[in-house]
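Here's a quick tour of the empty space in this model, with a stop at one helix along the way. Have the structure open while you read.

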Amino acid sequence: MRLLDIQNLHTTFDIHVGHVQAVRGVTLHVDEGETVGIVGESGSGKSVTMLSVMHLLPDYARIEADKLTFGDLDLTRASVNTFRKLEGDEIGMVFQDPMTSLNPLFTVGQQLMEPLRIHKKMSKTQAKERVLEILRTIQMPDPESRLKQYPHELSGGMRQRVMIGMAIACNPRLIIADEPTTALDVTIQAQILELLMDLKKRLNTSIIMITHDLGVIAGMCSRVMVMYGGRIVEEGTLREVFYDPKHPYTWGLLRSIPQRQGERQRLVPIPGSPPDLIAPPPGCPFAPRCPYAMRICNSALPEHRSLSDTHKVSCYLLDEGAPKVEWGGRAR
Ligand code: SF4
């Protein structure tokens with residue numbers, strides 16, 4: 001069943017130097033129990049897409065969409081109160097840096113109890129019992145003593161577990177995890193991803209994983225959306241995007257995953273920088289960095305073309321008569 005449905009979302013920031021078109025016509029959906037990945041560089045629009053859904057953007061952001069629904073709720077008409085109820089109760093959010101998301105003045109126990117007291121109207125005793133249960137669920141060592149500790153007394157991995165605990169406190173239907181492991185070292189990163197997957201299995205929660213790291217997506221998502229310049233440039237099942245990618249930007253992302261070659265690791269960066277979204281190029285946003293760009297790429301946006309029920313790509317290389325180029329040594 002469809003949980004989140006976004007059609008033709010545009011988010012624009014009206015600032016003194018112009019209008020930043022951060023999200024330009026994004027269409028995506030998430031079904032119940034599904035784990036979907038959104039991948040792209042900083043500034044590609046992946047986080048702004050989700051913050052737009054939650055109306056967690058400043059006043060100078062303009063959000064427009066043909067459709068924006070969560071379950072039966074039309075989010076284009078929802079009030080501020082509805083959004084605040086939704087956040088924490090139905091949708092849990094986990095951000096990159098728990099130190100800036102947790103309040104340094106309150107203990108872990110107080111912060112975990114707050115959503116339960118607000119959304120579930122629990123008494124202090126009930127909330128404390130539930131918090132202990134949550135701390136055990138997120139495999140927090142010595143839960144009783146953690147209740148009384150402040151965020152600065154915990155390690156980075158433990159703080160991220162607390163953020164996940166806050167996100168799942170009210171048994172939400174959807175967790176939006178925005179770069180949840182970027183600030184953590186590799187071992188803790190693996191533990192946090194494992195914890196999210198374990199929670200998903202146990203609670204049947206849908207997850208949207210926002211990341212710049214395709215490696216994170218590979219471990220947990222069934223569908224992937226690749227964003228660039230505020231648009232989705234390729235989307236498909238994990239298999240389609242990883243084993244049969246069609247967009248040169250996806251190729252670049254895949255090549256920038258560390259690969260073992262004998263004893264050496266080889267990383268291939270994508271040269272150039274993301275487009276200026278105040279005056280985005282009229283054609284394909286990736287054209288200035290694309291080694292295969294043709295004249296048409298600079299003048300008109302490529303259509304988002306369906307290659308299967310699930311695989312869609314925006315690239316002129318898929319046109320009949322376009323030059324044949326190679327990906328990973330395989331001719332297209
Ligand atoms: Fe490259 Fe053109 Fe395809 Fe854009 S549309 S990714 S510029 S080939």
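Which elements each supply at least two residues of the lining of the largest pocket? In this predicted model, they are α2 (80-89), β7 (91-94), α4 and α7. Helix α4 gives the largest share, with eight residues. The pocket holds about 590 Å³ of space. Its lining counts 21 residues, and the closest to the centre are Glu87, Gln111, Glu114, Pro115 and Met166. Sorted by class, that lining has ten nonpolar, seven polar and four charged residues.

Now for the second largest pocket, which comes in at about 390 Å³. It is lined by 27 residues, and Thr27, Leu28, Glu235, His304 and Lys312 sit nearest its centre. Two or more lining residues come from each of β1 (2-15), β2 (18-31), β10 (223-228), β11 (231-237) and β15 (312-314). Strand β2 has the largest share, seven residues. The class split here is eight nonpolar, eight polar and eleven charged.

Then there are the cavities: the structure has two of 30 Å³ or more. Around the largest cavity there are 14 lining residues, with Cys284, Cys290, Cys297, Cys315 and Tyr316 nearest the centre. Twelve of the lining residues are nonpolar, two are polar and none is charged.

The second largest cavity is lined by Arg231, Ile232, Val233, His247, Cys284, Pro285, Leu301, Pro302 and Ser314. Strand β11 contributes the most to that lining, three residues. By class, the lining has six nonpolar, two polar and one charged.

Here are the volumes in one place:

| Space | Volume |
|---|---|
| Largest pocket | about 590 Å³ |
| Second largest pocket | about 390 Å³ |
| Largest cavity | about 80 Å³ |
| Second largest cavity | about 50 Å³ |

Last stop, helix α5. Does its length come out as expected or not, and why? Helix α5 covers residues 124-137, so at 1.5 Å a residue its 14 residues should span 20 Å, and the end C-alpha atoms are indeed 20 Å apart. Several of its residues are tucked away: Ala127, Arg130, Val131, Leu132, Ile134, Leu135 and Thr137 are buried. What covers them includes α4 (108-119), α6 (143-146), α7 (156-168) and α8 (186-203). Both α4 and α7 also turned up in the lining of the largest pocket. Just after α5, Gln139 takes a positive phi of about 55°.

Terms used. Residues numbered from 1 in each chain as written. Predicted model: local features only at pLDDT ≥ 70, side-chain atom pairs only at ≥ 80, totals over all residues. Heavy atoms only, no water. Helix = DSSP H or I, 4+ residues; strand = E, 2+ residues; numbered from the N terminus. Expected span 1.5 Å × (residues − 1). Buried < 20%, exposed > 50% of the residue type's maximum accessible area, 1.4 Å probe, protein only. Contact = heavy atoms within 4.5 Å. 1 Å grid on protein atoms, 1.4 Å probe; cavity = no way out; pocket = protein on both sides within 12 Å on 5 of 7 lines; lining within 4 Å. Points joined across faces, edges and corners; volume = space filled by probe spheres on them. Nonpolar A, V, L, I, M, F, W, Y, C, P; charged D, E, K, R; others polar.
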